[in-house]
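Biologist: I would like to learn how to read a structure that is new to me, feature by feature. Could you take me through one slowly?

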Amino acid sequence: REVLVVGIERAEHAPSGAEDVVARRLREIVRKGEAICCKGTRPRRIREAAVQLQGSGGLASLSADSALFRRGEGVVELEGKVSGASSGGDRIEADRLVLKLDETGKRLEWARASGSVRGSLVGASPSPSGAAKASASLAPPSPGPARKYAGEQAIIVFGPQGETQSLALTGTPAIVEDPGRRVTARAIDVTFAAGRAVSASARGDVEIRSDPSHASAEQASLTFGPAGAVESMALSGNVRTSGEGRSGRAEKVVQLPSQGMWLLTGGPSSSATVESEGTRVSASRIELTQKPDTLRAEGGARAAFAST
């Protein structure tokens with residue numbers, strides 16, 4: 001059974017039939033289970049090796065300057081202008097990509113990309129047989145704008161039906177961005193279920209921008225609803241928030257968007273503080289609500305008002 005199909009583009013000024021001979025030889029090597037290596041620069045007649053994993057789920061198509069298939073290990077290594085796409089429309093680009101097949105050779109277990117990693121995640125609808133067979137996608141199932149990501153390294157883990165189970169990004173910074181939100185950090189992990197993101201965590205120099213708000217912290221965790229909106233967000237470690245004429249500092253901050261609530265908590269040696277229009281409030285615990293616009297402070301509460 002051919003697991004790896006390698007196609008060679010016809011190059012200009014190459015002898016007639018030369019590429020066909022090379023392609024037949026590569027397919028013969030694959031059938032015999034040997035390792036193959038096809039280089040886009042040797043000779044110049046071969047410009048690109050296009051690789052497809054048939055029926056594997058996850059990434060449906062791939063292309064690169066060179067590819068190495070280690071059949072005994074179930075590993076495919078691609079290098080040079082690597083690009084890939086899932087059947088659901090997700091895309092990835094990188095300098096290098098390593099793919100691990102399961103023991104049957106039909107399914108991807110994981111993919112590891114490195115070097116200028118970037119991609120986009122789009123919505124995917126469940127297949128007629130149910131959400132368990134949703135096409136591989138990193139975004140919520142309802143159609144919508146693409147969610148972009150970038151970093152120095154990305155690891156994607158696939159489920160039994162080729163669905164994405166997790167995405168781990170690292171970089172300086174790693175970035176995940178959609179039309180309403182941009183998250184940057186040294187490391188970002190996203191967990192998926194039934195084709196949609198359900199939670200995410202970020203570590204190291206975390207920044208979250210969502211117009212008109214901005215937050216920074218050492219760590220962050222978020223949960224998402226079915227439509228992709230944030231259901232809750234927790235920040236910890238030297239937290240700074242700002243937006244809509246108000247700023248805050250705390251050791252921990254929890255946001256519950258559905259309730260329009262922010263909860264700021266101070267650390268062992270510092271209080272949480274909120275400043276707005278020249279007024280500064282500090283306490284061990286501060287609760288903010290949007291509707292109605294209220295502030296409640298508990299535990300050593302103090303307030304300083306601007307002089308008029």
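Modeller: We will go through strands, cavities and salt bridges in turn, keeping in mind that this is a predicted model.

Biologist: Let me begin with the strands: in which sense do S12 and S13 pair, and over how many bridges?

Modeller: The general idea is that in a regular strand the side chains alternate between the two faces of the sheet. Here strand S12, residues 196–210, and strand S13, residues 213–224, pair in the antiparallel sense over 10 bridges, and a hairpin of two residues joins S12 to S13. One bridge to look for is that of arginine 209, whose partner in S13 is histidine 214.

Biologist: Which strand pairs with S13 over nine bridges, and what lies between the two?

Modeller: That is strand S14, residues 230–243, which pairs with S13 in the antiparallel sense, and the bridge partner of phenylalanine 224 in S14 is valine 230. The two strands form a hairpin with five residues between them, and in the turn glycine 228 has a positive phi of about 95°.

Biologist: How should I read cavities, and how many of 30 Å³ or more are counted?

Modeller: Rolling a probe the size of a water molecule over the atoms shows where empty space is left. In this model the count comes to two cavities of 30 Å³ or more, and the largest has a volume of about 160 Å³. Its lining has 15 residues, with Val176, Arg181, Val183, Ala200 and Phe224 lying nearest the centre. Strands S10 (164–178), S11 (181–193), S12 and S13 each supply at least two residues of that lining, which by class holds 10 nonpolar, one polar and four charged residues.

Biologist: Which residues form salt bridges, and are their side chains buried or exposed?

Modeller: Side chains of opposite charge can pair when their charged atoms come close. There are 13 salt bridges by count, among them one between arginine 107 and aspartate 102 at 3.8 Å, N to O, where both residues are buried. Another joins aspartate 189 and arginine 203 at 2.8 Å, N to O, and this pair links distant parts of the chain, with aspartate 189 in strand S11 and arginine 203 in strand S12, 14 residues apart. Because its relative accessibility is 26%, aspartate 189 counts as partly exposed, and arginine 203, at 37%, also counts as partly exposed.

Biologist: Which residues do salt bridges that share partners join into one network?

Modeller: Arg285, Glu287 and Glu298 are joined in that way.

Definitions and conventions
Residues numbered from 1 in each chain as written. Predicted model: local features only at pLDDT ≥ 70, side-chain atom pairs only at ≥ 80, totals over all residues. Heavy atoms only, no water. Pairing = 2+ DSSP bridges. Helix = DSSP H or I, 4+ residues; strand = E, 2+ residues; numbered from the N terminus. 1 Å grid on protein atoms, 1.4 Å probe; cavity = no way out; pocket = protein on both sides within 12 Å on 5 of 7 lines; lining within 4 Å. Points joined across faces, edges and corners; volume = space filled by probe spheres on them. Nonpolar A, V, L, I, M, F, W, Y, C, P; charged D, E, K, R; others polar. Salt bridge = Lys/Arg side-chain N within 4 Å of Asp/Glu carboxyl O. Buried < 20%, exposed > 50% of the residue type's maximum accessible area, 1.4 Å probe, protein only.
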